[in-house]
Amino acid sequence: MNTHTIRTIVGIIGNVISFFLFLSPMPTFIKIWKAKTVMQFKPDPYVVTALNCAVWVFYGMPFVHPDSLLVVTINGIGLFIEFLYIIVFYIYSDGPKRKKISIFLGVEIILFAILVFVTLTFLHGTKNRSMLVGILAVIMNIAMYASPLTVMRRVISTKSVKFMPFYLSLANFCNGGIWFAYAFLKFDPYILIPNGLGTLSGAIQLILYAKYYKSTNWDDEGKPNEVELQRNPDTV
């Protein structure tokens, strides 16, 4: 098989893994739907992830970065899923939270529109367009990869991995690794850098899990929703 075929296969695998990562908050929203209230959950991760997906979809467009169809497909799906989460959040939120969501979404739409306008109006050629959109996407991804640090810090301080889901850590590691390989096969630094960091983050989580598994007290009840803190919504 040639490099293009291998890259396509790797990208398809990445799409599948990323799809299930996008679905990882589903239990939270089932809980919200049953309770008819958002309780103490926050909409911020989903609103931010929606913008992140939109930027990556734009990055993968042929007139910005050619040969990135698989980046467009998974982030397009992710964008749709995140909007479903936001809609559920909006329906079951009170007035102040609805206002906050509306303001955040309005700001995101304006910022995204400015990005599209500047890119298509003032930048000519896919190289320049890829650079601007890619750098912004990398910055957003790196910022989002910082979220598991909260969980890892708690694991180290409590010597307990009870609130760091193993399968989510494993999925994050695999997701980062597969997209790192995808970017490496046809060198794309804007996908390579954030997913390299994501792979490292996932590996550290797995190491911590192995180290502190035996010292974890599994009998305590009342688990906080650490998935909200750890989930990685930009998958690529």
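**Figure 1. Asp67 in the loop between H3 and H4 of the predicted model.** Asp67 counts as partly exposed, at 35% relative accessibility. The residue is not a glycine, yet its phi is positive, at about 60°. Its place is in the loop that runs between H3 and H4.

**Figure 2. Lys36 in the loop between H2 and H3.** Lys36 is a residue other than glycine with a positive phi, near 60°. With a relative accessible area of 49%, Lys36 is classed as partly exposed, because the partly exposed class extends from 20% to 50%. The loop that holds Lys36 lies between H2 and H3.

**Figure 3. The packing of helix H3 against helix H4.** The axes of H3 and H4 are 8 Å apart, and the two helices pack at an angle of about 155°. H3 is therefore roughly antiparallel to H4, since angles over 145 degrees fall in that class. The crossing in which H3 passes H4 is left-handed. On the H3 side, the contact is made by Tyr46, Val47, Thr49, Ala50, Cys53, Ala54, Trp56 and Val57. H4 contributes Val71, Val72, Asn75, Gly76, Gly78, Leu79, Glu82, Tyr85, Ile86 and Phe89. By residue class, this contact of H3 with H4 comprises 13 nonpolar, 4 polar and 1 charged.

**Figure 4. The packing of helix H3 against helix H5.** The axes of H3 and H5 cross at roughly 15° and come within 11 Å. The two helices are therefore roughly parallel to each other. H3 passes H5 in a crossing that is right-handed. From H3, the residues that make the contact are Asp44, Val47, Val48, Leu51, Ala54, Val55 and Phe58. Their partners in H5 are Lys100, Phe104, Leu105, Glu108, Phe112, Leu115, Val116, Thr119 and Leu120. The contact of H3 with H5 divides into 12 nonpolar residues, 1 polar and 3 charged.

**Figure 5. The packing of helix H3 against helix H6.** Helix H3 spans residues 44–59 and helix H6 residues 126–145. Their axes lie 10 Å apart, and the packing angle is about 150°. This angle makes H3 roughly antiparallel to H6. The crossing of the pair is left-handed. H3 takes part through Val48, Thr49, Leu51, Asn52, Val55, Trp56, Phe58 and Tyr59. H6 takes part through Ser130, Val133, Gly134, Ala137, Met140, Asn141 and Met144. The contact of H3 with H6 has 10 nonpolar and 5 polar residues, and no charged ones.

**Figure 6. The largest nonpolar core.** This core has 38 residues. Those with the most contacts inside it are Ile32, Val55, Ile86, Phe89, Val133, Tyr182 and Ile191. Two or more residues come from each of the helices H1 (3–22), H2 (26–35), H3, H4 (69–91), H5 (95–122), H6, H8 (166–185) and H9 (189–212). H3 gives the most to the core, with 9 residues. A second core, separate from this one, has 8 residues, among them Met152, Val161, Met164 and Tyr212. In soluble globular proteins, nonpolar side chains tend to be buried together.

**Figure 7. The surroundings of Ile191.** With neighbours within four places in sequence left aside, Ile191 is in contact with Trp56, Tyr59, Val71, Trp179, Tyr182 and Ala183. Ile191 is one of the residues with the most contacts inside the largest nonpolar core, and its partner Tyr182 is another. Two further partners, Val71 and Trp179, are shown in the next views.

**Figure 8. Val71 in helix H4.** Val71 has a relative accessible area of 0% and is therefore buried. In addition to its contact with Ile191, Val71 belongs to the H4 side of the contact between H3 and H4. The C-alpha atoms of Val71 and Tyr212 are separated by 36 Å, and the two residues are 141 residues apart along the chain. Tyr212 belongs to the second, separate core.

**Figure 9. Trp179 in helix H8.** Trp179 counts as buried, at 0% relative accessibility. Ile191 is in contact with Trp179. The C-alpha atoms of Trp179 and Gly196 are separated by 8.4 Å, with their positions 17 residues apart along the chain counted as the separation.

Terms used
Residues numbered from 1 in each chain as written. Predicted model: local features only at pLDDT ≥ 70, side-chain atom pairs only at ≥ 80, totals over all residues. Heavy atoms only, no water. Axes fitted to C-alpha atoms, helices over the stretch in contact; angles between N-to-C directions. Helix = DSSP H or I, 4+ residues; strand = E, 2+ residues; numbered from the N terminus. Parallel < 35°, antiparallel > 145°, perpendicular 65-115°, else oblique. Left-handed = near helix turned anticlockwise from the far one by under 90°. Contact = heavy atoms within 4.5 Å. Nonpolar A, V, L, I, M, F, W, Y, C, P; charged D, E, K, R; others polar. Core = buried A, V, L, I, M, F, W, Y, C linked by side-chain atoms within 4.5 Å. Buried < 20%, exposed > 50% of the residue type's maximum accessible area, 1.4 Å probe, protein only.
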